[in-house]
Amino acid sequence: MITVRAPATSANLGSGFDVFGVALDRPADVVSVEKASRTTIEVTGAGSQFIPEDPKKNTVGAVVEALDAPAHIKIDKGIRPASGLGSSAASAAAVAVGLNQLYDRGLTRKELVPIAGEGEAVVSGEPHVDNVAPSILGGFTIAAGDDVTTVRASIPLVACLPEIAVSTRDARRVIPSEASLDDVVHTVGQAATLATGMCRNSPDLVGQGMYDRVVTPARAELITGYEEVRQAAFDAGATGVTVSGAGPGVLAACHSRNRREIASAMVDAFADAGVDSRAYQTRIGKGAEVLDY
Ligand SMILES: Nc1ncnc2c1ncn2[C@@H]1O[C@H](COP(=O)(O)OP(=O)(O)O)[C@@H](O)[C@H]1O
Ligand SMILES: N[C@@H](CCOP(=O)(O)O)C(=O)O
């Protein structure tokens, strides 16, 4: 039996829709895989009542198929589903890493990224690897076509999760299908600023590059209190604020000294909007780790 811890992730970071992602040092899913003649899945933990155990519906089923590696799979969810923290991706990432080792498939971590990404197509309707890439590889990842580039940054973050569920599938439907050239130029500038900030480990540049005017405004509409929470985070010292993944989580970049205050300001602002929430004080962290073999 192999046990793997795969971290939560925050995709897009505003300006990098379907391209940028970061691994968070918490929360995480912990998944055990054991060889079997037929695949079975058991799910416990955060939001497990909403997660299917049928291999055709769970993200890990597609990974089992792709690696031709049937197993008993136990998923202990630390990451609530439909929260914008890559919950479905973390399980797929953990199973890809675990089965690769259990069955001696010999694939590199980078080669496991598209395999884990197949699970995402099952739940969101389209394959996107911007969550599975950081969950497997760690750090800040840039998924461009079939290639993934990794930067080892360590930016302090707050991920605030309201008690609202927004599925990635639904949140992909509200995105405008076209953007003006002006907006494209603006997005390129923002994304370049953010990527440079990651290379320099600068919370200020990363925060500056998180603002986007194409995808985020449409998704913010699905999150009660978003504008107030964003403003409260800035007032408490955040360097940038955006929707985490497809939402409803809200992500703030910051300096360590302001992190605690930002977390409580975000929770208070959601409460003022009538929404309970939980804030994780976190930072960019490492990728999936094998805990037991
Ligand atoms: N192993 C899994 N972990 C979490 N969610 C899963 C898993 N397998 C299937 N799902 C389904 O995926 C959906 C959540 O995925 P998604 O909408 O992309 O949000 P998230 O940002 O949490 O990944 C839920 O409908 C959930 O039932
Ligand atoms: N690029 C995807 C990322 C979805 O992230 P999740 O954590 O909400 O699953 C998108 O924006 O649709």
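Which side chain does the side chain of Thr216 make a polar contact with? The close-ups below, all taken from a predicted model, start there.

**View 1. Thr216 and its surroundings in helix α8.** The partner is Asp212: its side chain and that of Thr216 make a polar contact at 2.3 Å. Thr216 itself sits in helix α8, which covers residues 216-220. With a relative accessible area of 10%, Thr216 counts as buried, because the cut-off for that is under 20%. Leaving aside residues up to four places away in sequence, Thr216 touches Gly14, Tyr226, Thr242 and Val243.

**View 2. Helices α2 and α3 packed against one another.** Two numbers sum up a helix pair like this: the angle between the axes and the distance between them. Here α2 (residues 87-102) and α3 (residues 109-124) pack at about 140°, and their axes are 9 Å apart. That angle makes α2 oblique to α3. As for handedness, the α2 and α3 crossing is right-handed.

**View 3. The residues where α2 meets α3.** On the α2 side, look for Ser88, Ala89, Ala92, Ala93, Ala96, Val97 and Asn100. Across from them, α3 brings in Arg109, Leu112, Ala116, Glu120 and Val123. Sorted by class, this contact of α2 with α3 has 8 nonpolar, 2 polar and 2 charged residues.

**View 4. Zooming in on Leu112 in helix α3.** Is Leu112 buried or exposed? Leu112 is buried, since its relative accessible area is 2% and the cut-off is under 20%. Not counting residues up to four places away in sequence, Leu112 touches Ala96, Val97, Asn100, Leu107 and Ile136. Ala96, Val97 and Asn100 also turn up among the α2 residues that meet α3. Another residue to pick out is Leu137: 25 residues separate it from Leu112 along the chain, and their C-alpha atoms are 9.6 Å apart.

**View 5. Helix α1, mostly covered.** How many of the 9 residues in α1 (residues 59-67) are buried? The count is 7, namely Thr59, Val60, Gly61, Ala62, Val63, Val64 and Leu67. What lies over these buried residues includes strands β3 (40-45) and β4 (71-77), together with helices α2 and α3. So the α2 and α3 pair from View 2 shows up again here, as part of the α1 cover. Just after α1 comes Asp68, and its phi is positive, near 45°.

Technical notes. Residues are numbered from 1 along each chain as its sequence is written. Chains are lettered from A and ligands numbered from 1 in the order in which they are written. This is a predicted model: local features need pLDDT of at least 70, side-chain atom pairs count only at pLDDT 80 or more; totals for chains, interfaces and linings use all residues. Side-chain values use heavy atoms; hydrogens and water are left out. Axes are lines fitted to C-alpha atoms, for helices over the stretch in contact, and angles run from 0 to 180 degrees between N-to-C directions. Helices (H or I, at least four residues) and strands (E, at least two) are DSSP runs, numbered from the N terminus. Angles under 35 degrees count as roughly parallel, over 145 as roughly antiparallel, 65 to 115 as roughly perpendicular and the rest as oblique. A crossing is left-handed if the near helix is turned anticlockwise from the far one by less than a right angle, and right-handed if clockwise. Contact means heavy atoms within 4.5 Å. Ala, Val, Leu, Ile, Met, Phe, Trp, Tyr, Cys and Pro count as nonpolar, Asp, Glu, Lys and Arg as charged, and the others, Gly among them, as polar. Buried means under 20% relative accessible area, exposed over 50%, partly exposed in between (1.4 Å probe, protein chains only). A polar contact is a pair of N or O atoms within 3.5 Å; within protein, one must be able to donate a hydrogen and the other to accept it, and residues adjacent in sequence count only if both atoms are side-chain atoms.
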